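Reader: I would enjoy a close look at one part of this model, the long helix and whatever it packs against. Could you walk me through that part and then place the rest of the chain around it?

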Amino acid sequence: MSDLDNSLIKRKIESQKCSKHNEKPQFIKTQKEFEIKACCEDFRTILFKKSKSIIAEETKKMMKNI
Ligand SMILES: [Zn+2]
């Protein structure tokens with residue numbers, strides 16, 4: 001995902017809130033991929049799936065632009 005707009009994904013992920021704890025997650029870009037810090041494992045799993053679909057979506061958009 002190196003060519004993708006990470007700030008866009010970061011914004012989308014960090015705008016989410018845990019429905020149980022009302023806490024915001026943290027999106028951290030690492031060398032290889034990314035990490036998500038969240039208040040609980042359930043929320044983290046949801047966010048992880050969400051970020052994967054955002055990345056897939058953005059990749060598709062990027063392909064169109066080439
Ligand atoms: Zn939570």
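Author: Two helices and two strands make up this protein, and the model you are looking at is a predicted one. Along the sequence the elements come in the order α-β-β-α. Measured out along the principal axes, the C-alpha atoms fill a box of roughly 40 × 20 × 15 Å. I should put that better: the box dimensions are computed from the C-alpha atoms of the model.

Now to the part you asked about. Helix 2 covers residues 41-65. With its 25 residues, helix 2 reaches 36 Å from its first C-alpha to its last, close to the 36 Å expected at 1.5 Å a residue. Three residues of helix 2 are buried, namely Phe43, Leu47 and Ser51. These buried residues pack against helix 1 and strand 2. For the protein as a whole, buried residues make up 12% of the 66 residues.

The partner to take up next is helix 1, which spans residues 6-14. The two helices pack at an angle of about 145 degrees, and their axes are 10 Å apart. The crossing of helix 1 past helix 2 is right-handed. On the helix 1 side, the contact is made by Ile9, Lys12 and Ile13, which meet Leu47, Lys50, Ser51, Ile54 and Ile55 of helix 2. Sorted by type, the residues of this contact are five nonpolar, one polar and two charged. Leu47 and Ser51 deserve a second glance: both are among the buried residues of helix 2, and both take part in the contact with helix 1.

Helix 1 also leads us to the strands, by way of Glu14. This residue lies in helix 1 and is partly exposed, because 14 other C-beta atoms lie within 10 Å. Setting aside neighbours within four places in sequence, Glu14 is in contact with Lys24, Pro25, Gln26 and Phe27. Glu14 and Gln26 are 12 residues apart in sequence, yet their C-alpha atoms are 5.9 Å apart in space.

Between helix 1 and strand 1 there is a loop, and two of its residues are worth a stop. Ser19 sits in this loop and counts as exposed because it has 9 C-beta neighbours inside 10 Å. From C-alpha to C-alpha, Ser19 is 12 Å from Ala38, with 19 residues separating the two in sequence. Asn22 belongs to the loop as well. Although Asn22 is not a glycine, it has a positive phi of about 60 degrees. Asn22 is exposed too, since 8 other C-beta atoms lie within 10 Å.

After the loop come the strands. Strand 1 (residues 26-29) and strand 2 (residues 34-37) run antiparallel and are joined by four bridges. Together they form a hairpin, with four residues between them. You can follow the pairing residue by residue: Phe27 has Ile36 as its bridge partner in strand 2, while Ile28 is bridged to Glu35. As background, side chains in a regular strand alternate between the two faces of the sheet. Phe27 also appears among the residues that Glu14 contacts, which ties the hairpin back to helix 1.

Lys37 is a good place to finish on strand 2. Lys37 counts as exposed because it has 12 C-beta neighbours inside 10 Å, and 12 or fewer is the cut-off for that label. Not counting residues up to four places away in sequence, Lys37 touches Pro25, Gln26 and Ile28. Pro25 and Gln26 are also contacts of Glu14. The C-alpha atoms of Lys37 and Cys18 are separated by 12 Å, and the two residues are 19 apart along the chain.

To step back to the whole chain once more, consider the contacts with a separation of 6 or more: 30% of them involve residues 24 or more positions apart. If you return to helix 2 with that in mind, look again at Phe43, Leu47 and Ser51, the buried residues that pack against helix 1 and strand 2.

Technical notes: Residues are numbered from 1 along each chain as its sequence is written. This is a predicted model: local features need pLDDT of at least 70, side-chain atom pairs count only at pLDDT 80 or more; totals for chains, interfaces and linings use all residues. Axes are lines fitted to C-alpha atoms, for helices over the stretch in contact, and angles run from 0 to 180 degrees between N-to-C directions. A crossing is left-handed if the near helix is turned anticlockwise from the far one by less than a right angle, and right-handed if clockwise. Two residues are in contact if their C-beta atoms, placed from the backbone, lie within 7 Å. Ala, Val, Leu, Ile, Met, Phe, Trp, Tyr, Cys and Pro count as nonpolar, Asp, Glu, Lys and Arg as charged, and the others, Gly among them, as polar. Two strands pair if DSSP finds at least two bridges between them. A residue is buried if 20 or more other C-beta atoms lie within 10 Å of its own, exposed if 12 or fewer, and partly exposed in between; C-beta atoms are placed from the backbone. The expected span of a helix is 1.5 Å times one less than its number of residues.
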